[in-house]
Amino acid sequence: MELIKGTKVYEELKEEARQEVEEEVRKEAKEEIKISMITKLMQRGMNSKEIAELLELDIEVVRKVVEGK
């Protein structure tokens with residue numbers, strides 16, 4: 001392991017892995033935010049269609065969140 005540390009290939013792979021992890025974390029955070037927003041808007045009396053239009057989501061995405069709550 002020590003032989004490859006510090007090499008260009010190692011550093012490139014390490015950077016690529018870091019970027020992939022960051023992207024995955026961003027996707028998960030966005031999903032959590034969507035779920036939170038859908039839930040809050042439902043609590044305020046909006047229906048699934050209104051929420052889907054407002055958040056620019058597919059109606060089925062909103063329905064799945066609503067059914068899961």
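**Entry 1: the nonpolar core.** I looked first for the largest nonpolar core in this predicted model. I found that this core has 7 residues: Ile38, Leu41, Ile51, Ala52, Leu57, Val62 and Val65. I then asked which helices supply it, and noted that α1, α2 and α3 (59–68) each supply at least two residues of this core. As background, I recorded that nonpolar side chains tend to be buried together in soluble globular proteins.

**Entry 2: α1 against α2.** I next examined how helix α1, residues 8–43, packs with helix α2, residues 48–55. I read an angle of about 135° between them, with the axes 10 Å apart. The two helices, α1 and α2, are therefore oblique to each other. I noted the crossing of α1 past α2 as right-handed. On the α1 side, I listed Met37, Ile38, Leu41 and Met42 as making the contact. On the α2 side, I listed Ser48, Ile51, Leu54 and Leu55. Sorted by class, this contact of α1 with α2 holds 7 nonpolar residues, 1 polar residue and no charged residues.

**Entry 3: Leu41.** I returned to Leu41, a member of the core and of the α1 contact with α2. Leaving aside residues up to four places away in sequence, I found that Leu41 touches Met46, Ile51, Leu54 and Leu55.

**Entry 4: α1 against α3.** I turned to the pair α1 and α3, whose axes come within 10 Å and cross at roughly 75°. Since angles of 65 to 115 degrees count as roughly perpendicular, I entered α1 and α3 as roughly perpendicular to each other. In this contact, I saw Ile35, Ile38, Thr39 and Met42 of α1 meet Val62, Val65 and Val66 of α3. I counted 6 nonpolar residues, 1 polar residue and no charged residues in the contact of α1 with α3. I also noted that Ile38 and Met42 appear in the contact of α1 with α2 and in that of α1 with α3.

**Entry 5: Lys34.** I located Lys34 in helix α1. Its relative accessibility is 34%, so I entered Lys34 as partly exposed. I then compared Lys34 with Val61: they are 27 residues apart in sequence, and their C-alpha atoms lie 9.6 Å apart in space.

**Entry 6: Glu56.** I closed with the loop between α2 and α3, where Glu56 lies. The phi angle of Glu56 is near 55°, a positive value in a residue other than glycine. Is Glu56 buried or exposed? I recorded Glu56 as exposed, because its relative accessible area is 74%.

Conventions:
Residues are numbered from 1 along each chain as its sequence is written. This is a predicted model: local features need pLDDT of at least 70, side-chain atom pairs count only at pLDDT 80 or more; totals for chains, interfaces and linings use all residues. Side-chain values use heavy atoms; hydrogens and water are left out. Axes are lines fitted to C-alpha atoms, for helices over the stretch in contact, and angles run from 0 to 180 degrees between N-to-C directions. Helices (H or I, at least four residues) and strands (E, at least two) are DSSP runs, numbered from the N terminus. Angles under 35 degrees count as roughly parallel, over 145 as roughly antiparallel, 65 to 115 as roughly perpendicular and the rest as oblique. A crossing is left-handed if the near helix is turned anticlockwise from the far one by less than a right angle, and right-handed if clockwise. Contact means heavy atoms within 4.5 Å. Ala, Val, Leu, Ile, Met, Phe, Trp, Tyr, Cys and Pro count as nonpolar, Asp, Glu, Lys and Arg as charged, and the others, Gly among them, as polar. A nonpolar core is a set of buried Ala, Val, Leu, Ile, Met, Phe, Trp, Tyr and Cys residues joined through side-chain atoms within 4.5 Å. Buried means under 20% relative accessible area, exposed over 50%, partly exposed in between (1.4 Å probe, protein chains only).
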